[in-house]
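Visitor: I'd like a close look at one part of this model, please. Could you take your time over the charged pairs and then show me what surrounds them?

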Amino acid sequence: MASIPNLRTLRTGRRGHGLRGGRSSRGAPHRDDDGDVRSVEAGRDAIIQQTDHDASSTRMSTVSLGYLDDPFAKAFLAPGEQITKRYPIIHRGTYVRTEAIDKLVIRFLDTRPEQNKQIVSLGAGSDTRFFRLTSRKSGSPLSKVTYHELDFEANANQKRTILRQSTELSDCLKEAEQNGSTYHLHAIDLRDLTNKSPPIIPGLDPTLPTLLLSECCLCYLPPDAAASVLQYFTMNLPGSLAFILYEPIRPFDAFGKTMVTNLASRGIHLQTLKRYSSLQAQRQRLLLAGLSDGQGARDVYQLYGDEEWVSQSERERIDKLEWLDEVEEWKLLASHYCVAWGWRGEVFTEAWEGVQGSRTAGEDEDDPG
């Protein structure tokens with residue numbers, strides 16, 4: 001899952017914590033020679049893959065200070081690696097994004113818990129959501145879930161190694177499977193799903209209500225390719241289907257332009273950003289993809305200030321963890337990232353139609369975002 005970049009880095013142009021996105025994407029080549037094209041593409045892939053380590057380190061820093069409860073995050077630290085402390089605005093952004101997406105995911109899983117469900121995480125990297133969800137100790141009974149993670153072969157192989165080496169992760173996986181859930185880790189490049197004859201994802205069940213997750217993943221693809229990846233799932237999963245994404249927005253104001261320039265200096269190009277530049281554009285994107293029963297979108301700053309998403313008691317707890325004196329910087333940064341969601345199917349309508357920020361079919365558009 002992507003870590004939110006440091007505002008100081010964006011202002012000064014220094015290399016900072018970075019924005020980690022899906023490793024299953026790359027830009028179109030700009031060299032004519034085949035060898036040079038492959039070299040350029042491999043370099044871009046390597047940059048995107050490296051952002052997973054940035055995200056893992058940021059998450060561990062966030063967890064270590066008590067923002068999030070994630071006992072599995074430490075498994076992804078390299079042997080002997082020390083936790084690098086991030087800035088408070090980075091911790092807060094990571095917390096808000098994680099909590100918001102978790103709330104939507106849990107509402108889905110807790111709706112009709114007797115019904116088996118499916119989740120597909122695009123460019124999952126070192127994400128621990130499957131393990132955190134299936135080890136929940138509170139709340140209503142968790143649905144049996146078939147959980148798929150898709151990523152580059154190098155990232156998938158590294159995660160398999162960590163799963164084998166970590167007793168905590170291995171035990172959690174065994175317990176989840178004993179309780180009826182299944183976990184699949186696929187070495188699949190998302191770009192391959194846009195081919196005329198795309199690969200079949202082993203174990204993907206077209207009969208199950210399915211939730212797709214993309215945290216700064218599809219934004220690295222050209223817009224048409226990103227739409228084609230989503231179309232792969234809307235075509236092959238004809239039943240209840242939903243999509244949650246986390247992406248940057250608002251690239252045209254002063255802060256947005258600085259953000260784009262800074263990331264480009266590091267070789268990171270957000271190719272869908274200008275097309276889906278607002279909350280309204282993200283909702284329309286999901287509607288056009290066929291998720292026509294409802295759509296929703298909120299930027300991170302809105303999420304943090306909304307009682308439904310982050311309670312007053314939680315905000316008070318977060319405020320006590322560390323002093324945040326970058327209030328204006330936090331507002332700027334958090335307003336340039338969003339969580340958006342869209343769906344079709346009764347189970348998702350039941351789960352999400354009352355969520356603040358959701359609009360069901362036929363409701364008026366009143367927030368251009």
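Visitor: Which side chain does Arg315 meet in a salt bridge, and what is the N to O distance?

Guide: Happy to help! The side chain of Arg315 meets that of Glu307, at 3.4 Å from N to O. A salt bridge here is a side-chain nitrogen of Lys or Arg within 4 Å of a carboxyl oxygen of Asp or Glu.

A word on the source: this is a predicted model, in which local features need pLDDT of at least 70 and side-chain atom pairs count only at pLDDT 80 or more, while totals for chains, interfaces and linings use all residues. Residues are numbered from 1 along each chain as its sequence is written, and side-chain values use heavy atoms, with hydrogens and water left out.

Back to the pair. Arg315 is buried at 13% relative accessibility, whereas Glu307 is partly exposed at 46%. Buried means under 20% relative accessible area, exposed means over 50%, and partly exposed lies in between (1.4 Å probe, protein chains only).

Another bridge joins Arg317 to Glu314, at 2.7 Å from N to O. Both residues sit in helix α11 (residues 312–321), three residues apart, or about one turn of the helix. Helices are DSSP runs of H or I with at least four residues, numbered from the N terminus. Arg317 counts as partly exposed because its relative accessibility is 29%, and Glu314 counts as partly exposed because its value is 22%.

Asp189 and Arg191 form a salt bridge too, with their closest N and O atoms 2.3 Å apart, and both of these residues are buried. The structure holds 19 salt bridges. Some are linked in a network whose residues include Arg59, Asp70, Arg97 and Glu215.

Now for the nonpolar side. A nonpolar core is a set of buried Ala, Val, Leu, Ile, Met, Phe, Trp, Tyr and Cys residues joined through side-chain atoms within 4.5 Å. The largest one has 66 residues, of which Leu211, Ile244 and Trp352 touch the most other members. Helix α3 (residues 88–110) gives the largest share of this core, 10 residues. A second, separate core of 28 residues includes Leu221 and Leu279.

Leu211 touches residues including Val105, Phe108, Ile244 and Trp352, leaving aside those up to four places away in sequence. Contact means heavy atoms within 4.5 Å.

Notes: Helices (H or I, at least four residues) and strands (E, at least two) are DSSP runs, numbered from the N terminus.
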